[in-house]
Each structure stands twice: as structure tokens, then as C-alpha cells.
Amino acid sequence: MSTHDSSSADDGGLVQLLLPDGERIADAGYDKWVADVDDDQLKSLYEDMVVVRRIDTEATALQRQGELGLWPPLIGQEAAQIGSGRTLRQDDFVFASYRENGVAYCRGVEYTDLLRVWRGHTHSGWNPYDINMAPSQVIIGSQTLHATGYALGCQQDGVDTVAISYFGDGATSQGDPNEAMVFAASFQAPVIFFCQNNQWAISEPVGLQARAPIASRAPGFGIPSMRVDGNDVLAVMAATRIALDRARSGNGPTYIEAVTYRMGPHTTSDDPSRYVDVLEREGWQAKDPISRLEAYLQSRGLLTDEFTGRVNATADDVAAKVREGCLGLEPPEPLSVFDHVYSEPTSWLERQKDEYVQYLQTFEGGQ
Amino acid sequence: MSSMTLSRAINSGLRRALEDDPKVLLMGEDIGTLGGVFRVTDGLQKDFGAHRVMDTPLAEAGIIGTAVGLAYRGYRPVCEIQFDGFIYPGFDQIITQVAKLHYRTGGAVKMPLTIRVPFGGGIGAVEHHSESPEAYFAHTAGLRVVSCSNPQDAHTMIRQAVACDDPVMFFEPKRRYWTKGEVDEEITGQTPSIDSAAIVAAGDDVTLVTYGPLVATARDAAIAASDEGVSVEVIDLRSLSPIDFATVEASVRKTGRLVVTHEASQFGGIGAEIAASITRRCFYYLEAAPERVTGFDVPYPAAELEDHHLPDLDRMLDAVDRVMDRHNSLSGREG
């Protein structure tokens with residue numbers, strides 16, 4: 001295990017394998033965890049990041065055009081989400097917040113399923129068991145406990161499946177993630193706490209939530225932590241693999257703080273111009289996760305016109321499917337408001353539904 | 001059939017649930033080695049192991065939240081909340097997650113949690129140990145809320161709750177833990193369903209509706225009323241969400257008078273829901289406005305004051321007199 005593994009937070013260090021200008025630097029502790037990443041995989045990671053950014057752009061446009069009620073952009077966080085999401089096994093289970101569209105993409109979500117929630121059709125875009133990913137969690141930090149419980153179940157089942165929870169810097173102030181760390185440490189649950197520190201909780205800077213590096217909290221709970229450059233897809237991948245390996249081999253939880261930046265608004269309803277300093281944003285723009293990998297590919301002679309042309313065509317094709325899928329979504333039937341409150345309808349709810357059916361029938365063309 | 005306390009009846013029900021389904025797990029504070037502060041889980045960790053009867057860290061949100069994750073994984077967690085007044089740190093997980101996940105996921109994710117809560121007063125306890133928070137949960141769609149009043153129901157209802165695919169808030173009347181009764185440990189087609197009410201004393205003049213710890217008090221009140229020639233029918237609701245309104249309606253259509261009694265405060269409570277629903281559906285059968293006999297709308301008082309706060313036999317009889325238009329404490333007052 002790397003010496004950075006649990007001490008990096010204490011010295012404020014940041015695990016990096018790709019510098020912002022695309023230079024690949026050696027790290028004795030982390031290199032071996034991405035030693036198998038060949039040229040094709042690097043190109044594949046690049047394509048993933050370009051495509052999820054394109055989905056993000058398209059969804060934001062759909063919101064601006066009135067087709068979605070809301071959208072939480074992930075722009076800037078592609079490396080954190082693709083780097084971690086691509087290391088998971090299909091049987092691992094993801095408990096994320098609402099911004100992990102890149103992770104959902106890695107899980108194989110249908111594009112239209114990404115949008116149903118934001119078009120107001122449902123509270124969960126997909127069946128969680130189809131892609132082993134829980135629906136978006138809106139209550140901040142709540143899902144950290146669910147991941148811990150799921151991991152306890154995996155432990156009881158005697159399998160090496162891992163649960164991973166994604167949350168943001170704002171969530172670290174909530175009780176649930178702290179209780180989750182207590183439970184995970186006590187039972188040595190095979191769970192990964194993946195904090196995307198994107199510097200902002202809507203308008204509140206991370207300094208309001210944490211006076212010390214977030215990753216430095218976990219060791220106090222008895223959980224080893226890593227603080228990685230969240231815009232460095234290789235560093236994120238290496239850290240996640242270290243955590244997965246620890247969990248799969250029965251050595252308990254790991255905490256990863258991926259230091260990144262929310263380049264867009266909190267959601268499409270937000271106006272960051274009221275609180276984000278332009279210079280700060282420009283500083284982070286220079287550390288962009290996609291242009292960084294692009295520079296690295298360039299330095300290796302992999303960024304050919306043919307390749308970028310193909311990636312852009314794929315992204316455009318996905319965007320078109322996102323748009324088409326969104327516009328083709330059928331709104332839910334009115335009476336489905338009563339469905340699935342309980343596993344079987346109760347007499348009380350049946351009565352309420354019956355009365356509403358009668359009420360609707362009083363309208364011309366009513367149900 | 002064997003004679004056992006209500007506490008023991010839950011214990012034997014949990015034992016059967018653990019035997020019947022390997023996915024059943026018990027979680028809570030002090031439930032393992034100690035067997036729970038009320039000894040409801042006594043001996044279960046010894047017999048089923050620490051992986052199935054888990055002592056947890058002292059964090060109610062943690063208990064409920066990890067149980068949610070276990071349920072995602074296919075387990076049936078039974079969570080013990082040590083005392084009613086300690087449930088609030090777990091309230092967020094119960095309301096925002098446990099109650100809503102089945103609905104949120106269009107039925108894909110089942111949340112078969114049972115959350116056991118010793119509740120109610122009458123044991124001379126310090127603050128936060130005597131509360132009746134059931135209305136908060138009954139108000140929340142997606143939760144089933146039940147309360148047992150006797151050893152037989154305690155045994156069968158806890159097993160039904162654990163087997164239920166919905167989350168069940170299981171309120172245990174802590175001052176009746178030591179009540180003894182005969183318990184048949186076989187569940188058959190004749191066993192009443194968990195959401196049915198029971199008529200525990202038949203009568204013709206007044207319907208007295210209650211649940212949990214006050215069922216015994218209400219039965220005593222019915223006996224006392226009969227000495228004065230008033231026939232009181234006592235209904236043990238057993239389920240507070242959903243409520244078996246068919247049973248209550250049938251009774252009120254017969255008696256024409258309704259009194260609801262519970263330890264919980266009055267405002268916005270179970271009694272209000274029953275009074276409103278029954279008034280609407282039985283309006284032309286009613287001989288008097290429905291009455292409520294409840295704890296006052298005050299925080300639960302100190303032990304030396306709790307006998308004033310808790311509905312007792314005499315306050316129930318006073319309400320019976322009101323709906324019977326007999327002389328009562330408010331006679332001569334308007335409204």
C-alpha cells in the first residue's frame with residue numbers, strides 16, 4: 001500500500017499521476033494500480049468523459065428549452081466519476097447523490113432513464129437492480145448509510161461485492177456520513193466512501209464545511225483515506241482500485257476525497273455568478289480533466305484526427321439519442337399516483353383512489 | 001398454548017421469525033449480550049449469533065439507514081429503538097427513505113423493515129422515555145403502523161410484521177410488557193391479519209376505540225360502565241395505518257356513539273382522524289359528537305404528574321357519560 005494511503009491528508013498532499021498540462025508523473029505507490037491501462041483504455045476513458053460532458057450539455061440545453069424541469073450538471077467532475085465508475089464490477093452496488101450521471105453512464109444506464117426524474121415523470125429513472133445503482137438521493141448524505149448497510153449484507157453473504165457511496169463536500173457536515181463511518185469501521189464493512197469535493201455546496205464554499213482536508217477526518221474513525229486529484233482520471237482510478245482491493249479482501253472501508261471543481265451551477269436553477277469568483281473558476285478551468293487527458297494522449301501520439309473525429313461523432317450521436325429519448329418520454333398516467341405506496345394497496349388508499357376516479361369522471365372525457 | 005408475558009411473547013415471535021427466514025436480522029442498542037433494556041431479545045444472540053442479532057453503535061439514524069441498505073440487499077432487518085423518545089435521530093431515515101423507497105422505485109425496491117418501539121408512559125420514567133409518537137408515522141404514507149395490546153397479538157403481530165414486505169412501525173406498550181396471557185404460537189388461516197381491528201368487548205351503547213396500553217384500561221372502563229347500565233363496545237385498533245374503518249364504522253352504526261382514547265396528545269392525532277372519518281361516513285347514525293380522551297397537548301410531563309396526563313378509567317367513563325348525555329364533568333357548560 002502506498003505511503004500516501006492514509007497520510008496524504010495530513011500533509012495536505014494530493015495524489016496525482018497526470019499533471020494539469022498532461023504530463024504523466026511517476027508515483028511508486030499508485031502506478032502499479034493503473035499499470036494495465038493501455039492505449040486503448042486511455043482512449044476509452046477519454047471518450048467516456050467527452051460523451052458524459054456532451055450528455056450534460058444536451059440535458060442543460062433541454063432544461064433551458066423547457067423540456068426538463070431541472071438538471072444538475074456534472075461538468076468538471078468527469079474524471080472523478082469516470083475514473084471511479086469504470087473500476088467497479090457489475091455486481092458492485094452504487095449509492096450516489098443526484099449529480100453522478102457519469103457514474104450512471106458507466107453502470108450502463110439507458111440515456112432516457114437519466115432524464116425521467118428531471119422531466120418530472122418519476123422519482124427513480126431506473127430499476128436499481130438493473131444496473132446495481134440506487135436512485136438519485138436528494139437527502140444530503142443519506143445514501144452513505146445505505147451503502148454501509150448494503151456492504152454489511154455482502155459481508156454476511158460471504159461475497160466480495162463492494163458498495164460505494166458518492167457524496168459531496170457539503171454532505172460531510174451531515175450526521176449520516178459520520179454515522180456511516182462509525183458503522184463501517186465497527187463492522188469493517190466492504191464499503192467505499194467517495195467524496196467528490198467540488199468546492200461548493202450550492203453557494204457555500206468547502207471552507208464552511210471543513211477547516212482541514214476532508215480526507216483527514218476518516219482516520220479518526222479508523223478508516224484509511226486518500227486525497228486524490230479528482231480531475232486526474234488515472235489517480236482516481238488507482239485510488240478506487242486500492243479501495244476496492246481492500247474491501248474485497250476483507251480489510252474494510254476506505255475513504256477517498258477526490259478534489260475537483262464544479263464548473264457549472266449547482267443545478268440549472270442556480271446562479272453561481274452571485275458567489276463564484278471568476279479568477280477562481282479560471283484557475284480550475286486550467287485543470288480541466290478532459291483537456292488534461294487530451295494533452296497526455298497528444299504527447300503519446302494517440303490524439304489523431306481520426307480518433308477525435310470518431311469520439312465527437314459518438315458524442316453527437318449520444319446527444320441526439322438523449323434529446324430524442326427525452327422528447328419521446330410518455331408522461332405517467334394520472335391514477336399511477338396511487339401505485340406502489342405499499343406492496344399491496346390498502347383499503348384506505350383504495351377508497352381514496354375510487355373517490356378520485358369518480359371525481360375525474362365528472363369531467364368531460366374524464367377517466 | 002402456553003402462558004407468557006407480552007415481552008416474552010414478542011421474544012418468542014422474534015425467535016420464530018429468525019428460525020423461519022435466514023434473511024431476518026435483529027439490530028439495535030444493547031439487544032445482544034444484554035437482551036435489550038426490556039429483555040425482549042433475551043437469549044436470541046446466544047442462539048442465533050452476533051451476525052444475526054447485532055449490537056449496533058449508539059446511533060438511531062445509523063441503525064435505520066444501514067437497515068435500509070440491508071433491505072436493498074434482500075435482508076429483513078428488525079430494528080429496536082430503545083425508547084420512544086430516542087427515535088427522532090432516526091426519523092429522517094424513516095420518513096425520507098424507509099417510507100418512500102418502494103414508491104420512489106415504482107415497487108422495485110422492497111423495504112421490509114420492522115422498527116420496534118417500546119412506547120407510552122405509566123412507568124414513572126424520566127423525560128424522553130414515555131412518549132407516544134405514533135401519529136407522526138401514521139401521517140406518513142408508505143409506513144404501516146401497528147400496536148399490540150396483549151401477549152397473543154404481540155406474538156402473532158411481530159411475526160406478521162417481519163414477514164410483511166412493507167415497513168412496519170411496531171409500537172410495543174412498555175407498561176404492559178409484564179402482562180401475562182395465553183399464547184398460541186401457531187399462525188393459521190384463522191389468524192387475524194395484521195391490519196384488522198378486534199372487538200375486545202361487545203356492547204350496544206357506545207363504541208370505545210383505542211390501542212396499545214389503553215386497551216386494558218378501556219376494557220376495565222367497559223366493565224365499570226356496565227355496572228351503571230351502559231353497554232360499551234371496545235375496539236382494539238391494532239393497526240393505526242391503515243385503520244380498519246370497516247370494523248369501527250359497523251360498530252358506530254350500531255351504537256351511534258364514538259369515544260376514541262389514546263395516550264398521545266390530541267391535536268392532529270389518531271383520534272382526530274377517526275372522529276373526522278367516522279363523522280363523515282356515519283353522520284346520520286350518530287347520536288352525539290365523537291369524543292376524544294387523550295394525553296394533554298403538553299410535552300410528556302414529569303413522573304409525578306403523569307397520572308394526570310394519561311387517560312384513565314374515570315376520564316374514559318366521563319367521556320362515555322358525555323356521549324350518553326348523562327351527567328358529566330362538563331355538564332352545564334356550552335360547547
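Here are some worked exercises on a predicted two-chain model, chains A and B.

Residues count from 1 along each chain as its sequence is written, and chains are lettered from A in the order in which they are written. Since we're on a predicted model, local features need pLDDT of at least 70 and side-chain atom pairs count only at pLDDT 80 or more, while totals for chains, interfaces and linings use all residues; side-chain values use heavy atoms, with hydrogens and water left out.

**Exercise 1. Describe the interface of chain A and chain B.**

Step 1: start with contacts (heavy atoms within 4.5 Å). On chain A, 43 residues take part, and they meet 50 residues of chain B.

Step 2: get the area. Buried area is the accessible area (1.4 Å probe) that two parts lose on being put together, summed over both. Here that comes to about 3600 Å², with 58% from carbon and sulfur atoms. A:Gln156, A:Phe183 and A:Tyr342 supply 17% of what chain A buries against chain B, more than any other three residues.

Step 3: look for charge pairs. With a salt bridge taken as a side-chain nitrogen of Lys or Arg within 4 Å of a carboxyl oxygen of Asp or Glu, the rule finds four across this interface. B:Lys23 and A:Asp157 pair up in a salt bridge, at 3.5 Å from N to O.

Step 4: count polar contacts (a pair of N or O atoms within 3.5 Å; within protein, one must be able to donate a hydrogen and the other to accept it, and residues adjacent in sequence count only if both atoms are side-chain atoms). The tally is 21 residue pairs, both residues at pLDDT 80 or more.

Step 5: ask which elements are involved, using helices (H or I, at least four residues) and strands (E, at least two) as DSSP runs, numbered from the N terminus. On the side of chain A that touches chain B, β1 (93-95), α6 (128-131), α7 (142-157), α8 (175-187) and α14 (347-361) each supply at least two residues. The most comes from α7(A), with 11 residues.

Step 6: sort by class, where Ala, Val, Leu, Ile, Met, Phe, Trp, Tyr, Cys and Pro are nonpolar, Asp, Glu, Lys and Arg charged, and the others, Gly among them, polar. That side of chain A splits into 19 nonpolar, 17 polar and seven charged residues.

**Exercise 2. Work out how the two domains of chain B meet.**

Step 1: set the bounds, which come from an automatic or database domain assignment. Domain 1 of chain B is 2-183 and domain 2 is 198-323. Their C-alpha centres sit 26 Å apart.

Step 2: size up the interface. Domain 1 of chain B puts 25 residues in contact with 22 residues of domain 2, and about 1800 Å² is buried, 53% of it from carbon and sulfur atoms.

Step 3: find the charge pairs. The rule gives two salt bridges between these domains. B:Arg238 and B:Asp153 form a salt bridge, their closest N and O atoms being 3.0 Å apart.

Step 4: add the polar contacts, 12 residue pairs in total (both at pLDDT 80 or more). On the domain 1 side, α6 (134-138), β6 (144-147) and α7 (151-163) of chain B give two or more residues, and β6(B) has the largest share with four residues.

**Exercise 3. Place three salt bridges of chain B in sequence and burial terms.**

Step 1: fix the burial scale. Buried is under 20% relative accessible area, exposed is over 50%, and partly exposed is in between (1.4 Å probe, protein chains only).

Step 2: take B:Asp20 and B:Arg159, at 3.9 Å between the closest N and O atoms. B:Asp20 is in helix α1 (residues 6-20) and B:Arg159 in helix α7 of chain B, so the pair ties together parts 139 residues apart in sequence. B:Asp20 is exposed at 55%, whereas B:Arg159 is buried at 11%.

Step 3: next, B:Asp84 and B:Lys174, at 2.6 Å. This pair links the loop between β4 (76-80) and α4 (88-98) with the loop between β7 (168-173) and β8 (180-183) of chain B, 90 residues apart in sequence. Both B:Asp84 and B:Lys174 are buried.

Step 4: finish with B:Asp318 and B:Arg322, at 2.9 Å from N to O. Both lie in helix α12 (residues 313-323) of chain B, four residues apart, about one turn of the helix. B:Asp318 counts as buried at 18% relative accessibility.
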